[in-house]
Amino acid sequence: TASLQLSRPKAMNFDMIRILLFLACQGALAAELSSALAEDDQCSDAECSLSALQLQRKTTWGKCAWYGCSGFVKHHPCQCNSKCSKYGNCCSDYWGRCYHAPPAPPPPPPPPPPPPPPPPPPPPPPPPPPTTAAPDEESEEAAEMTKAPGFGAPASASPPVPKGVRVEDVTALPWKTPSLNQPSSAPLYEFYVYRAVSGESYPPLNTNVGSLAGVLWYLHHEVVIQAPRKFNIERILRYKVKMRATEPLVKRGMHFGVRLAFDKGQATGPFVCGRESKGVGWEPKFCGDAFDVKNLAHMKPYKAAFEWSEFGYSVGCNNLGEYPFPMEKVYYPEAIWYSLPGICPDLLFNKKDASCEVTEPGGYCPGIDPTGNGTCTWNYESAGEISLDDLVGIENYNSWRHSHREYNPLSDRGTGFSWWDGMNNETANAERVRQAQAVFDKKYPDSEPAAKMAPPPCDFKFGPYYREWYRKDGYSGPCGKPGAKCGGQIAWIKSTGMKTHPEWYAPLDADATDDDLQRLLYQQGKGGCLRPCSDK
């Protein structure tokens, strides 16, 4: 047939002639050779005829006369065992010397495997090595055959990383909950934040920023009360921030964590360092400034600061006038401060290095929409700046300040100047915010108006955020297996309670083990439960 293309060498090999004569003496094989020749109307010599038979019988050139009718021999170029027809590697004289029964029809070729998914940068961890079975003739032969080019690579056992998720060494991270390694269900927020700076500035990583009202409150209370202004502040920078909360925050009804103060690039608290007894109950205990790892002895099961371990590197916020600072009433409308955790937030700028980037990658993830996994909660882009002098109407501050006073907190007014008069006047403060928005809008007419990029509500809630610290320590005290009453409560939580009131059991969720639930009931003093003896 036209589909069978065979070569026609000029010289005939002596061994080939001998094999053809041997095969010609075999009745059944001779008939099959005749059939092969009939199917190939281009054959006219002995070697061409043998090639036709090889193709029909999936025979490979070689001699069983040399090897014997043995089992699979790894280094032989062809085989003389009962499975050579299955793999298409029989020696040329296998059919006459070793064949005793009709071969089973060859199986249809396997469908080509799907191409492996393109590896994300950097690639995910390799899958664990497969279990090694005892080698046998077939498995060893099959392994050799799959090495052939074009056989197809096995599909990867590791699922592709979700698009947009940064790949971190999750074994090095301090997470308490696996959900921090996954995108969250929280919405994506996009809004403007602001920062008061001097003539020098640096990226807003491991810093505090605010709403426009929050920055004006800071200027009013701490900066313009002295001359020259505190820290020589002269500009208000604006950033467009994208932010998504982590899943543990969402489960507690929040999108922001606690607002941590940053000083020289280091988070200085407030950090939980344990719990303390208050009468018949317990309360969270706060210690020092920067987090001290020595406190972990009182914070089981956490391996790092509770604020990072439980909620990931989340953006923090506080409404001014509420925890943590300032706590007194604030008369600026919607005044909010934020904390933006970058790489190595627990270390000073000059102490950060490559090693801490592995264990403290932070939440800043440029170039993608934040996903809400624990290391990808926010990013930013610059959105302009205005001069503080232009805002308040001062032409030459350095000469002007010698004959004026911008604001005197004792008299609640300026000297020869009135822009800041009335610190606690809500109407005047709202007008100051409006004027600042107008200056930005006039300078950047192609940007989204400031009023339309207002921040979402700061929904940090002290009680739900620190809920577990109002319970007694679940890792000290008598331990034992759950009794009938305790076991019944565990079963009820798993079947009903967790589905109808999941907020009662935070930070636990539907994946909680019996030990987790027993420990929680022990902390709550319910069900007569002892703590589990497992210290995990």
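Buried means under 20% relative accessible area, exposed over 50%, and partly exposed in between (1.4 Å probe, protein chains only). This is a predicted model, where local features need pLDDT of at least 70, side-chain atom pairs count only at pLDDT 80 or more, and totals for chains, interfaces and linings use all residues. Residues are numbered from 1 along each chain as its sequence is written, and side-chain values use heavy atoms, with hydrogens and water left out.

**Exercise 1. Take stock of the whole chain.**

Give the counts of helices and strands, then the buried share and the exposed area.

Step 1. Helices (H or I, at least four residues) and strands (E, at least two) are DSSP runs, numbered from the N terminus. The chain has 17 helices and 13 strands.

Step 2. Of the 536 residues in the chain, 42% are buried.

Step 3. Accessible areas come from the Shrake-Rupley method with a 1.4 Å probe; for residues, only the protein chains shown count as cover. The chain exposes about 28300 Å². Carbon and sulfur atoms supply 57% of that area.

Step 4. Contact means heavy atoms within 4.5 Å. Take the contacts between residues at least 6 apart in sequence: 69% of them join residues at least 24 apart.

**Exercise 2. Place S309 and list its surroundings.**

Is S309 buried or exposed, and which residues is S309 in contact with?

Step 1. Find the element. S309 sits in helix α10, residues 306-311.

Step 2. Check the cover. The relative accessible area of S309 is 0%, so S309 is buried.

Step 3. Set aside neighbours within four places in sequence. S309 then touches P174, W175, K176, T177 and L180, along with Y302, K303 and A304.

**Exercise 3. Sort three salt bridges by where their partners lie.**

Start from the rule: a salt bridge is a side-chain nitrogen of Lys or Arg within 4 Å of a carboxyl oxygen of Asp or Glu. Side chains of opposite charge can pair when their charged atoms come close.

Step 1. Count. The whole structure holds 14 salt bridges.

Step 2. Take E385 and R235. Their side chains pair at 3.0 Å, N to O. E385 is in strand β11 (residues 378-387) and R235 in strand β3 (residues 235-243), so this pair ties together parts 150 residues apart in sequence. E385 is partly exposed at 27% relative accessibility. R235 is buried at 14%.

Step 3. Take K329 and E426. The N to O distance of this salt bridge is 3.9 Å. The pair links distant parts of the chain, 97 residues apart: K329 is in the loop between β9 (316-319) and β10 (336-340), E426 in helix α14 (residues 426-443). K329 is exposed at 54% relative accessible area, while E426 is partly exposed at 44%.

Step 4. Take E431 and R434. They pair at 2.7 Å, N to O. Both lie in helix α14, three residues apart, about one turn of the helix. E431 is partly exposed at 31%, and R434 is partly exposed at 43%.

Step 5. Look for a network. Salt bridges link E190, K240 and E381 in one.

**Exercise 4. Describe helix α17 and what follows.**

Which residues of α17 are buried, and what covers them?

Step 1. Helix α17 spans residues 514-524. Its buried residues include L517, Q518, R519, L520, L521, Y522 and Q523.

Step 2. Their cover includes β7 (272-278) and α16 (484-500).

Step 3. Just after α17, G525 takes a positive phi of about 70 degrees.

**Exercise 5. Trace three disulfides.**

A disulfide is a covalent bond between the sulfur atoms of two cysteines. Here the cut-off is a pair of cysteine sulfur atoms within 2.5 Å.

Step 1. How many disulfides does this rule give? The count is six.

Step 2. C365 and C376 have sulfur atoms 2.1 Å apart. Their link is right-handed, with 80 degrees about the S-S bond. Both residues are buried.

Step 3. C479 and C533 have sulfur atoms 2.3 Å apart. This link is right-handed too, at 90 degrees. C479 lies in the loop between α15 (462-465) and α16 and C533 in the segment after α17, so the pair ties together parts 54 residues apart in sequence. C479 is partly exposed at 34%, and C533 is partly exposed at 49%.

Step 4. C486 is joined to C529, S to S 1.9 Å. The link is right-handed, with 105 degrees about the S-S bond. C486 is in helix α16 and C529 in the segment after α17, 43 residues apart. Both C486 and C529 are buried.
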